[in-house]
Amino acid sequence: VKIIILGAGQVGRTAAYHLSREEANDVTVVDQNEEILRDLQDRLDIRTVNGSGSSPRVLEAAGIASTDILVALTNSDEVNMLACHVAWTLYRTPKKIARVRSADYTERQGLFGENRIAVDVWISPEQLVTEYIARLIRYPGALQVLDFADGRVRLVGIRALQGGPLVGHELRTLREHIPSADARVAAIYRAGKSVKPEGTTLIEDGDEVFFLAATENIRAVMKEMRKEEAPARRVVIAGGGNIGLRLASELEVKNQVKLIERDGKRARRVSEQLRRTTVLHGDAADEELLLEENIDSVDVFAALTNSEEANILSAMLAKRLGAHKVMALINKPSYAELIESGSIDVAISPQTVTIGSLLAHVRRGDVVRVHSLRRGAAEALEVVVHGDADSSKVIGRRIEDIALPEGTTLGAVVRGEDVIIAHHDTTVQPDDHLILFLTDRRHVEAVEKLFQGSASFL
Amino acid sequence: VKDILLPVAHVFALVMMVFAATMLAPLVMAVWELDPALSSFVISAFATFFLGALLWLGTRRFRRELKTRDGLMLVALTWVALPAVAGFPLWNFLPINFTEAYFEAASGLTTTGGTVLSGLEYLPRSINLWRHLLSWLGGMGIIVLAVAILPMLGVGGMQIYRAEMPGPMKDTKLTPRIGQTAKLLWTVYAGLTVACMVCLKFAGMDWFDAVCHGFSALALGGFSTYDASIGHFNSIPIEMVLTLFSVLAALNFGTHYVAWSERGLMAYLRDAEAKAIVSVLIVSCIGMALFLYLKGNYPDFSTSLRHTIFNLVSVATDSGLHTQDYSRWPIFAPMWMMFLSCIVCSSGSTGGGIKMIRTLVLAKQAHRELNQLVHPNMVRPLKVGGTVIANRVVFAVLAFVFLYFMSIVTLVFLQLASGLDFMTAFSSVIACINNAGPGLGLVGPGSNYGVLSNFQTWVCSAAMLLGRLEVFTILVLFTPTLWRK
């Protein structure tokens, strides 16, 4: 697949990294900053072109004429939309994905599409990150909560702790514990290493467990892994940027939200846009301020400023002062790994959250959704199977008969409105949505091939 | 040192095993001709392969992804070590010592074309094929070839590519993937080579000579199967074909690819280097033909023009094939040709020297400095062919040219100290560092490098490697920081 990425910012660079390490992709990155491009080209096997992303001359130099996917990720919504429009008008580029942050654009029905602005898919990293954090707050104790099949199925990452009824028991006893709720453990990570989940596998204290379940059953399963925590009520957000503001407005309906912003003017702007949130002007790393605002009784403290170092420090401080659970927004993958084992409960990596929505478009076969996990080492996919028993390698077969690559679990099947948790005797039918978990991303191609078989016959 | 060298050696072992495969070509030739060099090639091919395999197995524990400095190291190691391997069959079969065999193989791989052998027409055909094949392999770059056919070198491939491909600006790739770019370049190169071979056959060579000289021409190598080089044929069509393909090989192969994919010649007009090269060559040829005619070297202007065009283009593009002993021309003429050999070739070509793009950058920079003296407040970016050249590149070019000239000076002094006369010392170093081939004086077109002592031959070998890898890649081996953890 030939891909052009416009903009070598945080998201653009991560996208280039993830896309270019897949053998099948040819990636070209366009940016105005030559230094960044040179550095990028030194580390990745990609081509770089210096210039403005919406300029036809630059796009031509990047090889737009034969490009399959244009991904516009510059920090300007307008440049992104224009670039997509230029690409479609002049070169008929088949797929155009734009990063559009402003809700003003994305909320309008009928702005994008045929004979309109030629953006096929828009993504808003801020929106995705906000939703991600909101889900984490809704499920206290979860490290990761990811949606599949329009939210009917969720993949939850959770750290098993002493006190959960299942901890110390074999996996197969899960059904006896909760007969009403079906779930499938997709992966277990013990001390950073993947352990194959089988019926006889023992769940240990400290394991990172990923399980799939219908949305309504999630809480019941989580209760098995660790003592149930009370739902979060008091939330403190540090940083009134794009993400902080969106999160506050989403949470303020049900929770008691405080937002700390350092810049006076920005704090004022934010307070004008929010209704029930208490907006505070001050430094989130100011001990006095935190104590004054009763940090010790806060359920969730989320540090979401632009500076990851400040996020780490203020989150650590909040934790020490008694905040129940702290989260920090962290861009560098290496930092995220460092701190999740320390005093910060959840590290949120905006790129990992965003990259999945891009990967879904470059996958062959009908892939609806991709979530990148564990800094890109693992992946969860939602695939739709088409065809019939003859043309497809999966349709009409029982799950135990499907030759899945190593480290791959088929966790759930969504058939119409029903969620079926996969068991060895479940039979796959046409147009099923299958949810797969790959502990090793390198097997992605094998998985693509397995499920694509049908598509090529159609 | 162990941690730095062994992972590189692991990849080098792979290169060696692939290289062993290229020895099959002369081996098959030797079987076909039943010539006496057969055993030498059989021994060499097996020895190279097994040494490579042993090294590969022995260093397997140290396998890891290559970093920037590993890339540099791999290229440098390959180029320093491979002539020894490639020279083995020559050393084994011919009455020459190791120094001379190394020189001959290095001269081939670096596309220099200077030889220590005489009586070339009496050598077994397999030996001659091997010499020319070495030129051809080295022309586009052994590592670039390895990148094209061994996908696992793709990681960190850009550094490797940079270290081996000539020219100051190598950030623009033809395709996003380095492996594909390498494949494309090799395809264009191979395509032109075949075209040249067919043309030579039609111009009157037999197939064996056409193949050998086709390798030589496109690699700008300069090896011939005759002591008298192209003078042996005394044929105008052959000279025309070789001149045409030498000029093509002196242009950027990226430009050839673009021209091919556009099915038009516009790409050459957009290439500032190509335009400059062709203009310099045309003006020089006409001027020097006139000069030689007026000096009375040739009875009429057309003969003068014929010999000037072939020999001047050949030396200027660093090929080194010749039809006349131009060292007997008035000293202005060969010196001008030597000068052109320093500057004429394009970046991304198979030729040597400091490359036309660097010359253009330096000329424009000089022009800018002069203007700056008149208008101290003037703001003027440095442009070549309409594109702005970053100051970073200008500095890199200046540093390169400085190192290039310092290398020449150092090596010339070494040659002088060893007792050579000035003309031979100077011209041998210039001809070797530019990968041009024959020099003047004792090593002129009428003679060869066999007259040099062992020490002097090693100096020439060093000059060839320095020139082929554009100085930096070799000199970086001597920087202490490379070897520190």
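**Exercise 1. Decide whether Arg92(A) is buried or exposed in this predicted model, and describe its setting.**

Step 1. Start with the accessibility: Arg92(A) has a relative accessibility of 51%. The cut-off for exposed is over 50%, so Arg92(A) counts as exposed.

Step 2. Now find its place in the chain. Arg92(A) sits in the loop that runs between helix H4 (77-91) and strand S5 (95-99) of chain A.

Step 3. Check the backbone. Although Arg92(A) is not a glycine, its phi is positive, at about 55°.

**Exercise 2. Work out where Asn234(B) lies and whether it is buried or exposed.**

Step 1. Look at the flanking elements: Asn234(B) belongs to the loop between helix H10 (207-219) and helix H11 (236-249) of chain B.

Step 2. Turn to the surface. With a relative accessible area of 56%, Asn234(B) is exposed.

Step 3. Add the backbone angle. Asn234(B) is not a glycine, yet its phi is positive, at about 45°.

**Exercise 3. Find out which residues Thr110(B) touches and whether Thr110(B) is buried or exposed.**

Step 1. Locate the residue in the loop between helix H5 (98-109) and H6 of chain B.

Step 2. Read its accessibility. The relative accessible area of Thr110(B) is 0%, and buried means under 20%, so Thr110(B) is buried.

Step 3. List the neighbours. Leaving aside residues up to four places away in sequence, Thr110(B) touches Trp79(B), Asn435(B), Met464(B), Leu465(B) and Arg468(B).

Step 4. Compare sequence with space. Thr110(B) and Ala219(B) are separated by 109 residues in sequence, while their C-alpha atoms are 9.1 Å apart.

**Exercise 4. Classify the aromatic pair of Phe19(B) and Trp130(B), then say what it ties together.**

Step 1. Recall the two numbers to look for: a pair of aromatic rings is described by the distance of the centres and the angle of the planes.

Step 2. Begin with the count: over all chains, the structure holds 27 aromatic pairs. One of them is Phe19(B) with Trp130(B), at 5.8 Å centre to centre and 55° between the planes, which makes the pair tilted.

Step 3. Map the partners. Phe19(B) is in helix H1 (residues 2-22) of chain B and Trp130(B) is in helix H6 (residues 125-140) of chain B, so their pairing ties together parts 111 residues apart in sequence. Phe19(B) and Trp130(B) are both buried.

Step 4. Try another pair. Tyr226(B) and Phe233(B) are 5.3 Å apart, centre to centre, with 85° between the planes, an edge-to-face arrangement. Both of these residues, Tyr226(B) and Phe233(B), are buried as well.

Step 5. Finish with a group of rings: Trp136(B), Trp186(B), Tyr189(B), Phe215(B) and Phe253(B) are joined into a cluster by ring pairs.

**Exercise 5. Test whether the radius of gyration of chain B agrees with that of a compact globule or not.**

Step 1. Set the expectation. For 485 residues, a compact globule would have a radius of gyration near 23 Å; chain B has 22 Å, so the two agree.

Step 2. Look at the dimensions: the C-alpha trace of chain B spans about 60 × 60 × 55 Å along its principal axes. Chain B contains 22 helices and 2 strands.

Step 3. Consider the interior. Of the 485 residues in chain B, 59% are buried. Among contacts in chain B with a separation of 6 or more, 70% are between residues 24 or more positions apart.

Step 4. End at the surface. Chain B has an accessible surface of about 19,200 Å², and carbon and sulfur atoms account for 70% of it. Chain B carries 31 positive and 23 negative side chains, with the centres of the two sets 14 Å apart.

Terms used: Residues numbered from 1 in each chain as written. Chains lettered and ligands numbered in written order. Predicted model: local features only at pLDDT ≥ 70, side-chain atom pairs only at ≥ 80, totals over all residues. Heavy atoms only, no water. Helix = DSSP H or I, 4+ residues; strand = E, 2+ residues; numbered from the N terminus. Rg over C-alpha atoms; globule rule 2.2 N^0.38 Å. Buried < 20%, exposed > 50% of the residue type's maximum accessible area, 1.4 Å probe, protein only. Contact = heavy atoms within 4.5 Å. Areas by Shrake-Rupley, 256 points an atom, 1.4 Å probe, with all protein chains shown as cover. Lys, Arg positive; Asp, Glu negative; His and termini not counted. Charge placed at Lys NZ, Arg CZ, Asp CG, Glu CD. Phe/Tyr/Trp six-rings, centres within 6.5 Å; stacked < 30°, edge-to-face > 60°.
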